[in-house]
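This report goes through one protein chain, region by region. Please keep the sequence and the structure open while reading.

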Amino acid sequence: MRPPDLMHTDWRCDDDGPVPPLHVAEHVSADIVSSMLAAVQKAQEACDRPPVPVWCPWPLPPGWMMTGAAWAGDDRTGVRATAVACSGPSPLRGGPADLMFVAEEPGVGLGNRYGGLPGLDPGALIADALGDEGLPAGDHGGPHAKIKVGGHPTPLWSVKSPTDRCAYAGEARGMWLYAIAWPASAGYLLAEHVVLHDLSEWLPPELVYGAPSPYMHGRA
């Protein structure tokens, strides 16, 4: 990432061009998440953009904790994407697992970055996933996962990702929604009754916090 300079007003990636800066909380706690939500709201109010939700599973699965939070954007461009990480026991192997939810405007690329996916959005990957079902055009099967997002049933499709993780993508509130799990077997959590709540609307006081997710901080 290259910061703005005399020749450019945007943060820039050598591969993808202008991109919004990413802000990652070093640790997570109720106070830190509240401060992040306030910063997101302030940046959003400075620009005429639809609010980007901050999706978090609520209630959390048994034994799981919130372990990371991030947002992309600044006071000039507004918030373009948000990410929340959670960690807990893997549903199959019993070892540690991580699950991240990303909401973003089209063309940001944060979900693709964490998912290890090419490009800046999952549209073509979702189309490939539909084609992989081997069904005639207009006769595709159902989505690979269904979760409830902001009170609405929401379909997600599994997209091709590195073997150390699994990635699902879909749409909610007119924005891309990603669910990314490490290891890949942790994706079976999405087969359970997962409900996503927008933390910018209400921060549950019972939310449990844990040590920072390594994937939120660059291990991905």
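Where does Arg-173 lie? Arg-173 is found in the loop between β10 and β11. Although Arg-173 is not a glycine, its phi is positive, at about 55°. With 46% relative accessibility, this residue counts as partly exposed.

**Confidence of the model**

The structure is a predicted model. The protein chain has a mean pLDDT of 87, and 86% of its residues reach 70 or more. Over residues 1–14, however, the pLDDT is below 50, and this stretch has 27 contacts in the model beyond near neighbours in sequence. Residues 134–139 also have a pLDDT under 50, and for them the model has two contacts beyond four places in sequence.

**Strands β8, β9 and β10**

Strand β8 covers residues 145–149 and strand β9 covers residues 152–159. These two strands run antiparallel and are joined by five bridges. One bridge partner pair is Ile-147 with Thr-154, the latter in β9. How many residues stand between β8 and β9 in their hairpin? There are two residues between them, and Gly-150 in the turn has a positive phi of about 55°.

β9 also pairs with strand β10, residues 166–172, in the antiparallel sense, here over four bridges. Trp-157 stands opposite Ala-169, which belongs to β10. β9 and β10 form a hairpin as well, with six residues between them.

**Two cis peptide bonds**

The table lists two cis peptide bonds and the loops in which their prolines are found.

| Residues joined | Omega | Place of the proline |
|---|---|---|
| Trp-58 and Pro-59 | about 0° | Pro-59: loop between β4 and β5 |
| Trp-182 and Pro-183 | about -15° | Pro-183: loop between β11 and β12 |

**Two loop residues: Ser-185 and Pro-53**

The loop between β11 (175–182) and β12 (195–198) also holds Ser-185. Ser-185 counts as buried because its relative accessibility is 12%, and the cut-off for buried is under 20%. Leaving out residues up to four places away in sequence, Ser-185 touches Ser-90, Pro-91, Leu-92 and Arg-93.

Pro-53 is found in another loop, the one between α1 (30–45) and β4 (55–57). Is Pro-53 buried or exposed? At 1% relative accessibility, Pro-53 counts as buried. Apart from neighbours within four places in sequence, Pro-53 is in contact with Thr-82, Ala-103, Arg-173, Met-175 and Asp-198. Arg-173, in the loop between β10 and β11, is thus one of the contacts of Pro-53. The C-alpha atom of Pro-53 is separated by 9.3 Å from that of Ala-83, a residue 30 places apart from it along the chain.

**Ile-180 in strand β11**

Ile-180 lies in strand β11. Its relative accessible area is 0%, so Ile-180 is buried. Not counting residues up to four places away in sequence, the residues that Ile-180 touches include Asp-98, Leu-99, Met-100, Tyr-114 and Cys-166. Asp-98 is 82 residues apart from Ile-180 along the chain, yet their C-alpha atoms are separated by 8.2 Å. Cys-166, another of these contacts, is itself buried, with a relative accessible area of 12%.

**Cysteines**

A disulfide is a covalent bond between the sulfur atoms of two cysteines. How many disulfides does a search of the whole structure find? The search finds zero. Why does Cys-56 form no such bond? The closest cysteine sulfur to that of Cys-56 is in Cys-86, at 4.3 Å, which is too far for a bond. The cut-off used for a disulfide is 2.5 Å. Cys-56 is also buried, with a relative accessibility of 1%.

**The second largest pocket**

The second largest pocket has a volume of about 210 Å³. Its lining consists of 13 residues. Which of them lie nearest its centre? They are Val-40, Gln-41, Pro-51, Val-52 and Ser-200. The element that gives the most to the lining of this pocket is α1, with six residues.

Key
Residues are numbered from 1 along each chain as its sequence is written. This is a predicted model: local features need pLDDT of at least 70, side-chain atom pairs count only at pLDDT 80 or more; totals for chains, interfaces and linings use all residues. Side-chain values use heavy atoms; hydrogens and water are left out. Buried means under 20% relative accessible area, exposed over 50%, partly exposed in between (1.4 Å probe, protein chains only). Contact means heavy atoms within 4.5 Å. pLDDT is the predictor's confidence in each residue, from 0 to 100. Two strands pair if DSSP finds at least two bridges between them. On a 1 Å grid over the protein atoms alone, a cavity is a set of points where a 1.4 Å probe fits but cannot get out, and a pocket is an open set with protein on both sides within 12 Å along at least five of seven lines; lining residues have an atom within 4 Å of a point. Grid points are joined across faces, edges and corners, and a volume is the space filled by probe spheres set on the points.
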